[in-house]
Each structure stands twice: as structure tokens, then as C-alpha cells.
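Let's go through some of the labels attached to this model and ask what earns each one. Have the sequence and structure open as you read.

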Amino acid sequence: MSSVVVGSIERADAPPDASSPAQLLAPDGTRHPHPSLDRHVADLGPAQLLALYEDMVVVRRIDREGVALQRQGQLGLWPPLLGQEAAQVGSARALRRDDFVFTSYREHAVAYCRGISVDHFMPMWRGTAASGWDPFEFGMAPPGIIIGAQTLHATGYAMGCVKDGVDSAAVAYFGDGATSQGDVNEAMVFAATFSAPVIFFCQNNHWAISEPVELVARRPLADRAPGFGIPSLRVDGNDVIAVTAAMRAALERARSGGGPTFIEAVTYRMGPHTTSDDPTRYVDPLEREEWAAKDPIERLERHLRSEGALDEGRRARVDERADAAASAMRRACLALAEPEPLALFDHVFTEPTSWLTRQRSQYEAYLAMFEEERR
Amino acid sequence: MSEMTLAGAITAGLRHALEADEKVVVMGEDVGKLGGVFRVTDGLQRDFGPDRVMDTPLAEAGILGTAVGLAYRGYRPVVEIQFDGFIYPAFDQIVAQVAKLHYRTRGAVRMPITVRVPYGGGIGAVEHHSESPEAYFTHTAGLRVVTCSTPQDAHWMLRQAVASDDPVLFFEPKRRYWVKGEVSESMDAAPPLESARVVVEGSDVTLVAYGPLVATAIDAAAAARDEGVSVEVIDLRSLSPVDFATVEASVRSTGRLVVTHEAQQFGGLGAEIATSITERCFAHLRSAPVRVTGHDVPYPASRLEDHFLPDLDRLLDGVDRAMGRVNSLTGWTA
């Protein structure tokens with residue numbers, strides 16, 4: 001009896017990075033063949049890879065601008081995505097217009113790839129409105145702050161897709177920290193039960209604020225899904241080709257009635273949790289250096305240069321586009337009007353209640369008192 | 001008109017809602033073949049199929065969270081929480097997601113979700129099966145919270161709740177599930193969902209009750225009349241928003257207010273109603289508002305629940321306090 005238990009404990013105690021994630025593009029820019037994933041990215045020629053490259057450069061630049069705007073007091077907060085560009089761009093670019101994504105708060109690149117203008121990124125982080133875009137226009141819900149809650153929304157949406165007989169899919173974006181939440185585990189139970197076309201896209205960036213993934217996972221996160229009856233893929237999240245391939249494989253499954261898939265994109269949060277965080281208190285600088293060598297943009301750049309698809313002129317044009325996007329975001333941020341005070345009473349209900357109408361009128365009268373004083 | 005139990009009137013309401021709008025789906029634990037533990041969804045899965053009447057895994061957050069996703073997709077989920085005390089695992093999804101999404105998205109996303117909750121005590125149940133958690137939800141901006149006391153209201157209000165584009169917490173007084181009454185399935189005479197109703201007219205004291213205690217309040221009014229006190233009973237129906245106009249009009253006439261609920265007293269609906277009415281018609285009050293409620297203890301073991309739940313005598317004692325007649329607190333100085 002005891003030997004069986006000991007044996008299983010030993011097997012169960014493999015560290016989260018034990019099985020190496022699928023990689024199609026090595027950090028040095030070498031393209032490696034992959035037996036099952038290659039067919040999903042057969043169409044990715046130089047033009048397509050250049051487009052992904054440009055996306056990643058632009059979102060990194062936007063992200064840097066977000067941090068700068070916060071440091072200059074223009075934004076209340078900014079959660080940087082630095083290091084996670086490939087995971088977000090590769091997955092989001094694999095989607096169709098009619099798919100719907102439910103993200104956490106760090107997915108600026110996903111929003112960008114959904115076609116959401118950088119102007120719309122600003123209201124939430126500047127605090128002029130609770131969210132910046134119409135979810136139905138872009139197929140993207142407002143960023144979720146409560147960790148993991150949005151995975152259930154994605155699952156419910158996908159259940160609706162099945163009822164409607166459409167082949168759209170829903171994607172839940174969440175992090176390694178969220179995998180401990182009951183909501184995420186319940187979402188996997190519901191997704192399996194209803195064979196919902198939802199992709200659980202877990203960006204394992206190794207950190208939940210200061211808590212390392214090793215604190216919460218004794219096994220790779222991708223190993224959890226099969227227990228729910230959900231197949232999983234573990235890919236190098238800094239390899240935009242591998243991420244694209246994994247997402248396309250999962251979407252193919254979802255669209256053909258195969259149900260949910262779990263993808264663990266192994267990446268690294270190169271910046272702080274948010275602009276309010278101080279990672280020097282808990283991140284080993286050597287570990288960060290190791291991950292810097294696996295940078296998602298640099299590896300694609302090496303690959304494109306080696307293929308002769310990227311030269312200095314093209315690189316400069318990409319940088320110009322990135323700078324233009326960042327400037328547009330800055331201008332949009334600074335141009336945001338202060339919200340009208342009474343706007344705080346809007347949209348609590350579809351029809352205002354008697355109670356709220358009265359409260360609004362009373363506050364309006366209170367504000368009017370100051371107006372009269374000024375006159 | 002036909003005679004129905006309160007539970008049966010809700011079943012009939014669900015049937016109407018499912019027939020009227022193909023986007024209405026019923027979901028919850030055991031709502032399918034079993035018809036729910038109280039049989040409120042009896043026969044619905046047979047008639048509308050498992051795609052529209054869905055047995056879900058036993059996970060309340062999961063039920064509410066997937067209902068949110070279905071609402072994004074244009075569905076109108078009617079969720080059953082099996083018992084009052086089982087709603088807490090879904091608390092985040094209800095108060096942080098369902099209640100806020102319309103506000104957060106500046107009206108772009110609607111959450112037309114109805115959450116049915118059998119609630120209240122008096123059935124001799126084990127713990128977590130007899131609670132009255134309504135105040136947690138009336139305290140949350142963005143939720144409509146209603147409860148019914150008669151089969152007719154149960155039917156009308158359920159259909160209005162499902163038709164509402166706002167999320168509605170629909171509390172069902174489980175110990176009154178088997179009360180019978182005449183029910184019209186026409187909505188023509190249905191009053192607005194957020195309206196209260198004077199169910200007994202009186203001139204000395206306004207007694208505000210809702211859900212399971214409305215019947216008790218009506219009995220108390222009859223008993224008080226025998227003692228020469230005229231009690232006006234108001235069935236609140238909507239707990240958020242509260243129809244203060246109806247309560248205020250009554251208190252302006254009677255000058256006295258008693259509020260009763262099974263839920264614990266501190267921070268409860270009684271506190272809000274007493275305060276709001278005091279603010280609105282202080283000059284008309286002839287005595288301090290009185291609350292007759294459950295005690296501020298966890299819901300007790302069933303052999304003690306008669307000491308927890310307001311009953312006829314405790315309501316009459318509350319009326320005596322409002323009237324300044326001899327009562328249980330006579331002689332208390334603190």
C-alpha cells in the first residue's frame with residue numbers, strides 16, 4: 001500500500017516545467033518542424049509572419065506608452081504585457097470576427113488584434129469610464145478584474161453557440177494564478193459537460209503578482225485539463241508560430257463539434273504585475289535574464305532576417321507604425337473629457353428605478369447649490 | 001382563472017415564458033427529469049427539451065457564470081438556486097458580474113437573468129435550507145429583488161421578472177409553495193413589478209411584510225381588529241426598488257409603522273424601510289418605527305425555529321409597541 005502511494009506521489013511531484021512545451025521557432029530564430037502542429041501553420045509565409053511581427057512590435061510600443069502615461073500621472077494604473085506579445089498576438093490573430101473573447105486585464109494585444117482602436121483602451125485605465133468599447137462590435141468583453149470569473153462567461157457563450165447551431169467559438173484568456181480559482185475549474189466542468197466550443201487559453205507567465213507558479217502547481221498546468229475530459233496543449237508562449245498553430249488546432253476542434261481545448265502558453269511576465277507593483281522584491285534577476293534571451297519579438301526578427309524577409313528599411317517602417325499607434329493612444333488619453341458628475345447614475349438598470357431617479361435628483365440639487373454659489 | 005398552488009403558478013409562469021420567447025432557458029440543479037426538488041420545473045424538460053431546460057453540474061458559481069455568457073449570446077436564462085443557503089458560492093458572479101455588466105459597458109451588455117431562490121424557514125429543515133439572504137442582494141446596485149406571497153403574484157411576477165431586461169432575484173417563499181389560490185394567466189391585470197400592494201386596509205398602524213410573512217401579517221391584522229386596533233397590511237412585493245410611495249401614503253394616514261421579515265434584523269430591509277419612511281414623513285409619525293424580525297443569530301436548528309421566526313403573537317406585540325400599549329418591552333429603559 002505505502003509503496004503505491006509513495007510511487008504516485010513521486011510521479012505527481014514533477015515541477016510545472018517538467019515537460020518541455022511545443023516549440024516551432026527556437027530563440028535563435030531557427031524554425032523546427034513539428035509532427036502535429038506544422039499543418040496548422042503551413043500557410044504562414046514571410047508576409048504573414050511579417051504581419052505578426054508588426055503586431056508584436058506595435059503592441060509592445062503601446063504597452064510601453066501605457067506604462068509611461070501611468071508614470072506621468074495620466075493613467076490610474078497599467079498592467080504591462082511585456083514579454084507576452086507572442087502568446088496574445090498569435091492566439092488572437094487565429095480568431096474569426098464572429099468569435100468572442102473574454103479576457104483578463106492584461107490582454108491589450110488581444111484587444112488590438114480584435115480591431116479595437118487604441119483610443120478605446122484609455123477610458124478604463126484613466127478612470128473616465130468603466131470600460132472603453134462595445135463588446136458586440138469587436139467580439140470582446142470588457143477586461144475582467146475578478147480573477148477567473150470570465151472563464152465561465154466564455155463557457156456560457158460557447159454553450160449558446162452550440163444552441164444557435166453556429167461554428168463560432170469563445171476564448172477565455174486567463175493566467176497561471178487563475179487556475180487555482182473555483183470559477184476556472186467549474187468552467188472546465190461545464191465546458192466538458194456541454195461540449196462547449198471554448199478555448200481555455202492560459203498564459204502561464206510564471207507570476208501571480210508575487211506568487212510563483214510553483215507555489216500553486218505541482219504539475220504543468222496543462223496536465224489539469226485532461227482530468228476534466230478536456231484535451232490540452234502546452235506550447236512555448238514566446239513562439240508566435242507555435243501559439244498560432246495551437247490556437248488553430250483548438251479552433252478546428254471547437255468548430256467541428258469537438259468541444260473545449262486547454263492551451264497552456266508558457267511565457268514570462270517581464271514587467272511588474274501592474275505599475276503599482278515592485279517585482280524587485282521577489283523576482284530573481286537571473287531568471288528574468290534567462291527569459292529575456294527567449295524574447296518573442298527578437299526570435300521572430302532573427303528568423304525573418306535569416307529568411308531575408310526583414311531589412312533595416314522595413315524594420316524602420318514597422319517602428320514608425322508603432323510610434324504612430326503610441327502617439328495616437330497618448331493623444332486619445334489626454335483628449336478624454338472629464339465625465340459629467342451625473343453620468344455616475346447612468347446605466348445601473350435598463351430603466352431607471354424610482355429609488356435611483358430620486359437619488360439622482362437629490363444629488364443634482366446638491367450640485368446645483370455650488371453652481372449658485374459660484375454665480 | 002384556475003386554482004393553483006404557489007409552486008404550480010410559478011411552473012405555469014415558466015411555461016408561458018418558455019413558450020413566448022425561444023431565448024428563454026431554464027437551468028439549475030435537478031431541474032430536468034426530477035422537476036426540481038420542489039417540482040417547480042416539473043414537466044418542463046419533457047415538453048421543451050434538454051437544450052432549453054438544462055440540468056447543470058452542481059456548482060452555483062458555474063451556473064450563474066455560464067448564465068452570464070448565455071446572456072452575452074442573447075439568451076434569457078432563468079436560473080434555479082436549489083435552496084437559499086446554496087446561493088453564496090454564486091455571490092461573486094451575481095454581485096460583481098451580473099449586477100455590474102450593464103453599468104460597466106454603459107448599457108451595451110444586458111443581463112436579463114432571473115435567479116429563482118426558494119427561501120425562508122418554517123419547514124423543519126436542516127441548516128442552510130431556511131435562510132433569508134435577500135438583504136445581501138438589495139444592498140447591491142444593479143439588481144432587482146422581488147418576492148411573492150400569493151399564487152397570482154407568483155405567476156405574474158415570475159413572468160415579469162423573465163421579461164425584464166435587468167437581472168432579477170426572484171425569492172420564492174418555500175413554506176407557502178403549497179398554498180392554493182385562483183390564478184389568472186392573463187397579464188392584463190398585473191400591476192408593475194416594482195409596486196407594493198395594500199392587502200388589508202386599516203387606520204391605526206401600517207404593517208409592512210413580504211413573502212412568507214404576508215399571510216402571518218394578514219392574520220395579525222384580523223386578530224388586532226378583535227382587540228380594537230386597525231392594522232393596514234402592505235405586501236411589499238418588490239424589495240429593490242421599494243415602492244416607498246405606497247408605504248409612505250399609508251404611514252401618513254396611520255402615523256405608525258411596523259416592518260417584519262424573517263431575515264436577521266441588523267442591516268436588513270426593516271432598517272432601510274424604517275429609516276426611509278422616517279426621513280420622508282417624520283412629522284406624520286406618532287411613534288417610532290418597529291421591527292419584528294429574525295434574531296441576529298445564524299438560522300437555528302429546526303426545533304428552535306419557532307423562536308426565530310416572527311409569528312402572529314410577535315407581530316401583535318410589535319403592533320402594541322407601535323400603539324404604545326403594554327408590550328414585551330414595557331418597562332425597558334434601554
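Buried means under 20% relative accessible area, exposed means over 50%, and partly exposed is what falls in between. Keep in mind that this is a predicted model.

Q: Why is A:Arg305 called partly exposed?
A: Its relative accessibility is 32%. That value falls between the 20% and 50% cut-offs, so A:Arg305 counts as partly exposed.

Q: What makes A:Arg305 and A:Glu312 a salt bridge?
A: The rule asks for a side-chain nitrogen of Lys or Arg within 4 Å of a carboxyl oxygen of Asp or Glu. Here the N to O distance is 3.0 Å, so the pair qualifies. As for the partner, A:Glu312 is exposed, because its relative accessible area of 54% is over 50%.

Q: How do you know that A:Arg315 and A:Asp319 are separated by about one helical turn?
A: They sit four residues apart in helix α13 (residues 312-335) of chain A, and that is why the separation comes to about one helical turn. The two also form a salt bridge, with the closest N and O atoms 2.9 Å apart. A:Asp319 is partly exposed, since its relative accessibility is 27%.

Q: Which residues are linked with A:Arg305 in a network of salt bridges?
A: The network links A:Arg305 with A:Glu301, A:Glu312, A:Arg315 and A:Asp319. Over all chains, the count by this rule comes to 42 salt bridges.

Q: Why can the salt bridge of B:Arg110 and B:Asp165 be said to tie together separate parts of chain B?
A: The closest N and O atoms of B:Arg110 and B:Asp165 are 2.7 Å apart. B:Arg110 lies in the loop between α5 and β5, while B:Asp165 lies in the loop between α7 and β7 (168-173), so the pair joins parts that are 55 residues apart in sequence. Both ends count as partly exposed, because B:Arg110 has 38% relative accessibility and B:Asp165 has 24%.

Q: What makes B:Lys23 and A:Asp164 a salt bridge across the interface?
A: Their side chains meet at 3.3 Å, N to O, which is within 4 Å, so the rule is met. Across the interface of chain A and chain B, the rule finds two salt bridges. It also finds 19 residue pairs in polar contact there. On the chain A side, α7(A) gives the most, with eleven residues.

Q: How is the size of an interface often given?
A: Often as the accessible area lost when the parts come together. Chain A and chain B bury about 3,700 Å² between them, with 61% of that on carbon and sulfur atoms. The contact takes 42 residues from chain A and 47 residues from chain B.

Q: Why is A:Thr155 called buried?
A: Its relative accessible area is 0%, which is under 20%, so the label fits. A:Thr155 is placed in helix α7 of chain A. Leaving aside neighbours within four places in sequence, its contacts include A:Phe190, A:Val198 and, from chain B, B:Thr66.

Q: Why does B:Ala161 count as buried?
A: Its relative accessibility is 0%, so it is under the 20% cut-off. B:Ala161 belongs to helix α7 (residues 151-163) of chain B. Its C-alpha atom is separated by 6.3 Å from that of B:Thr114, although the two are 47 residues apart along the chain.

Q: What makes B:Tyr103 eligible for the nonpolar surface patch?
A: A patch residue needs over 30% relative accessible area and no salt bridge. B:Tyr103 has 33%, so it passes the area cut-off while counting as partly exposed. It joins A:Leu344, A:Tyr363, A:Tyr366, A:Met369 and A:Phe370 in a patch of about 540 Å². The largest share, four residues, comes from helix α14 (residues 354-374) of chain A.

Q: Two histidines have a positive phi of about 75 degrees; what makes A:His206 buried and B:His128 partly exposed?
A: A:His206 has 4% relative accessibility, which is under 20%, so it is buried. B:His128 has 40%, which lies between 20% and 50%, so it is partly exposed. A:His206 is in the loop between β3 (198-204) and β4 (207-208) of chain A, and B:His128 is in the loop between β5 (114-119) and α6 (134-138) of chain B.

Conventions
Residues are numbered from 1 along each chain as its sequence is written. Chains are lettered from A and ligands numbered from 1 in the order in which they are written. This is a predicted model: local features need pLDDT of at least 70, side-chain atom pairs count only at pLDDT 80 or more; totals for chains, interfaces and linings use all residues. Side-chain values use heavy atoms; hydrogens and water are left out. Patches are made of residues with over 30% relative accessible area and no salt bridge: like charges are joined within 9 Å, nonpolar side chains (Val, Leu, Ile, Met, Phe, Trp, Tyr) within 5 Å. Accessible areas come from the Shrake-Rupley method with a 1.4 Å probe; for residues, only the protein chains shown count as cover. Helices (H or I, at least four residues) and strands (E, at least two) are DSSP runs, numbered from the N terminus. Buried means under 20% relative accessible area, exposed over 50%, partly exposed in between (1.4 Å probe, protein chains only). Contact means heavy atoms within 4.5 Å. Buried area is the accessible area (1.4 Å probe) that two parts lose on being put together, summed over both. A polar contact is a pair of N or O atoms within 3.5 Å; within protein, one must be able to donate a hydrogen and the other to accept it, and residues adjacent in sequence count only if both atoms are side-chain atoms.
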